[in-house]
Amino acid sequence: MAEDVHTPHGPFGPAPVRVLALCLASTAATGAGLLLPAALGRALDLLLAGTPATRWVLYCAALVLLTALLDACETVLGGTVDARTTAWLRRRLTSHVLAVGPRATTRFGPGDLVARLVGNAAQAGTAPTARAALLAALAAPVGALVALALIDPWLAAVWLAGAPVLVLLLRALARDTQDCVTRYQEVQGRIAAALSEAVGGHRTIAAAGTADRETARILRPLPELSLAGHRMWRVQGRAAGRSVAVAPLLQLGVVAVAGYLLTRHRLTVGEVLAASRYAVLATGVGVLVGQLAGLARARAAAGRLDEVLAEPATEYGKRRLPAGPGRLELRGVTARRGGRTVLDGVDLVVPGGSTLAVVGRSGAGKSLLAALAGRLADPDEGEVLLDGVPLRELTHDALRGSVGHAFERPALLGGTLEEEIGLGLASPSPARIRAAARAAHADDFVTRLPAGYATRCADAPRSGGESQRLGLARAFAHGSRLLVLDDALSSLDTVTEARISRSLVGTGTDGTRLLIAHRAATAARADTVAWLDEGRVRAVGRHEELWALPGYRAVFAGEEEAA
């Protein structure tokens with residue numbers, strides 16, 4: 001189980017010194033506010049008695065100035081702590097999501113993850129400030145109650161008589177607000193997830209002419225969001241309304257008793273003034289309502305972050321690979337997704353230095369097998385080994401340095417083309433980058449760009465096939481012992497695919513290659529073909545040998561019809 005988002009740096013998050021300073025500033029400001037009524041009362045008594053009160057007037061002025069300065073410090077520190085805590089939470093959540101891998105997006109969805117990373121992290125980031133503010137807000141009524149008791153115990157007794165009602169109000173507010181806020185944030189996440197899906201499929205939506213229908217689908221939870229929002233404000237409004245009804249009664253009771261004690265000459269006029277101010281501070285439920293609501297929102301948001309952090313990250317071993325040709329072996333591999341067995345007891349060996357093409361109908365489990373081969377996912381049963389070492393036992397650097405990947409839709413993350421091809425390499429040389437691009441037949445279109453390899457990806461217009469070639473160049477630059485190509489040739493024209501396929505399987509090519517193939521010509525160039533059908537390996541052999549099987553030929557039937 002992942003740690004709570006507030007605990008890795010202690011109870012104050014990632015900036016304990018600043019949070020401690022914020023607590024001290026807030027508490028000091030509250031203390032100055034508590035001293036002010038007593039100073040005002042003393043100054044008033046001296047003035048009424050005709051005694052010089054200059055010193056006490058100056059005390060009052062100094063307390064007012066100190067309170068203003070402390071409030072300013074509290075504002076600056078609060079903003080700084082909020083910003084730093086939010087940034088720390090976002091860094092931690094982002095790194096954890098990347099460490100978890102595809103399981104995170106499978107469970108939560110990209111849109112919901114973005115909502116948690118952006119909105120919920122910002123709300124959870126206010127938790128240290130909210131705690132500090134709540135501490136100061138609680139210190140005010142406690143200090144005011146002590147001051148009332150020092151003036152006269154009967155004043156404190158009157159306030160304590162009605163205190164249980166205020167405590168019950170605040171307790172109900174904290175409980176109900178967190179429930180409402182949690183529901184509100186969950187609905188926000190569903191809207192964000194639906195919007196992310198629509199943005200990803202915008203071309204399909206435009207082609208189908210279903211923009212209005214998709215808009216309605218995305219916004220369908222709005223009434224539920226509105227209901228949760230209204231309920232949240234009703235809870236806070238009801239608590240504030242009840243406190244407004246109770247607090248004046250307590251204040252009136254304290255002032256009435258103070259007035260009575262004044263008539264009995266047990267209190268001075270200044271003490272009555274101070275008691276009236278302390279009665280207001282002691283019943284300052286409005287401040288507490290706001291602070292409790294803010295803390296409830298932060299706690300609800302932190303709970304949504306904890307759900308993501310509870311997903312276990314991929315764990316790596318401590319072994320390194322021995323020298324070897326890159327022999328890949330799957331032993332009794334079973335993998336399930338969504339309650340369905342996608343791969344069932346797969347046994348497969350890819351000799352070191354050879355090329356294995358995996359073919360099969362859609363849904364046969366080819367992409368999952370490719371992910372397991374490079375440990376982008378782990379099997380539910382069985383083991384995957386590289387040169388005799390289980391992938392689970394390899395260190396992170398040993399695994400990622402020995403296995404390269406190329407995908408159907410390579411992620412080009414916004415750097416220059418040279419940086420994207422060299423992604424993951426410690427210090428890629430320009431010569432290595434260009435050699436990899438030439439092997440992937442990407443050098444021609446890159447050099448035609450005005451800035452060449454220094455062109456930023458966002459400024460480089462390219463087709464789907466050109467993007468795939470950049471992804472292949474990245475894989476070639478990696479120079480891995482095992483290269484896994486998951487449908488990485490699907491967007492290439494037949495001529496370019498043939499050239500790249502020949503370079504993959506040509507003599508002198510280092511390393512082992514596992515490629516997902518959809519074209520018969522690609523499978524024919526591989527040393528061996530594994531025919532995957534309904535999660536099982538039906539046959540392994542040369543393409544020419546398997547072609548005699550009607551079921552194998554049926555895998556490429558769509559290609560023949562298209563031709």
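Select A140, P141, A144, A147, L148 and I151 in helix α5, then add E271, A274, A275, Y278, A279, L281 and A282 in helix α10: these two groups meet. Contact here means heavy atoms within 4.5 Å. By class, this patch holds 12 nonpolar residues, no polar ones and one charged. Nonpolar covers Ala, Val, Leu, Ile, Met, Phe, Trp, Tyr, Cys and Pro; charged covers Asp, Glu, Lys and Arg; the others, Gly among them, are polar.

**Before moving on**

This is a predicted model, where local features need pLDDT of at least 70, side-chain atom pairs count only at pLDDT 80 or more, and totals for chains, interfaces and linings use all residues. Numbering starts from 1 along each chain as its sequence is written, and side-chain values use heavy atoms, with hydrogens and water left out.

**Stop 1: α5 and α10**

Now show both whole helices. Select residues 127-151 for α5 and residues 269-282 for α10. Helices are DSSP runs of H or I with at least four residues, strands are E runs of at least two, and both are numbered from the N terminus. The axes of α5 and α10 come within 8 Å and cross at roughly 150°. Axes are lines fitted to C-alpha atoms, for helices over the stretch in contact, and angles run from 0 to 180 degrees between N-to-C directions. The two helices are therefore roughly antiparallel. Angles under 35 degrees count as roughly parallel, over 145 as roughly antiparallel, 65 to 115 as roughly perpendicular, and the rest as oblique. The crossing of α5 and α10 is left-handed. That means the near helix is turned anticlockwise from the far one by less than a right angle; clockwise would be right-handed.

**Stop 2: α15 and α17**

Select residues 430-439 for α15 and residues 464-478 for α17. Their axes come within 8 Å and cross at roughly 125°. α15 and α17 are therefore oblique to each other. Their crossing is right-handed. On α15, pick R432, A436, A437 and A439; on α17, pick A473, F476, A477 and H478. These residues make the contact. They divide into six nonpolar, one polar and one charged.

**Stop 3: three single residues**

Go to S26, in helix α1 (residues 16-48). Is S26 buried or exposed? S26 is buried, with a relative accessible area of 2%. Buried means under 20%, exposed over 50%, and partly exposed in between, using a 1.4 Å probe and protein chains only. Beyond four places in sequence, S26 touches E74, A132 and A136. Try a distance too: the C-alpha atoms of S26 and R220 are separated by 43 Å.

Next, pick N120 in helix α4 (residues 110-124). N120 counts as buried, at 3% relative accessibility. Leaving aside neighbours within four places in sequence, N120 contacts A115, Q185, A301, R304 and L305.

Then find A460, in the loop between α16 (443-447) and α17. A460 counts as buried, at 7% relative accessibility. Outside four places in sequence, A460 is in contact with L417, L449 and T455. A460 and T105 are 355 residues apart in sequence and 28 Å apart in space, C-alpha to C-alpha.

**Last stop: confidence**

Colour by pLDDT, the predictor's confidence in each residue, from 0 to 100. The protein averages 84, and 91% of the residues score at least 70. Where is confidence lowest? It is lowest in helix α22 (residues 557-562), at a mean of 54, and highest in strand β4 (residues 381-386), at 95. Finally, select residues 6-12, where pLDDT stays under 50. The model has 15 contacts for them beyond four places in sequence. Where pLDDT is low, the predicted coordinates should not be read in detail.
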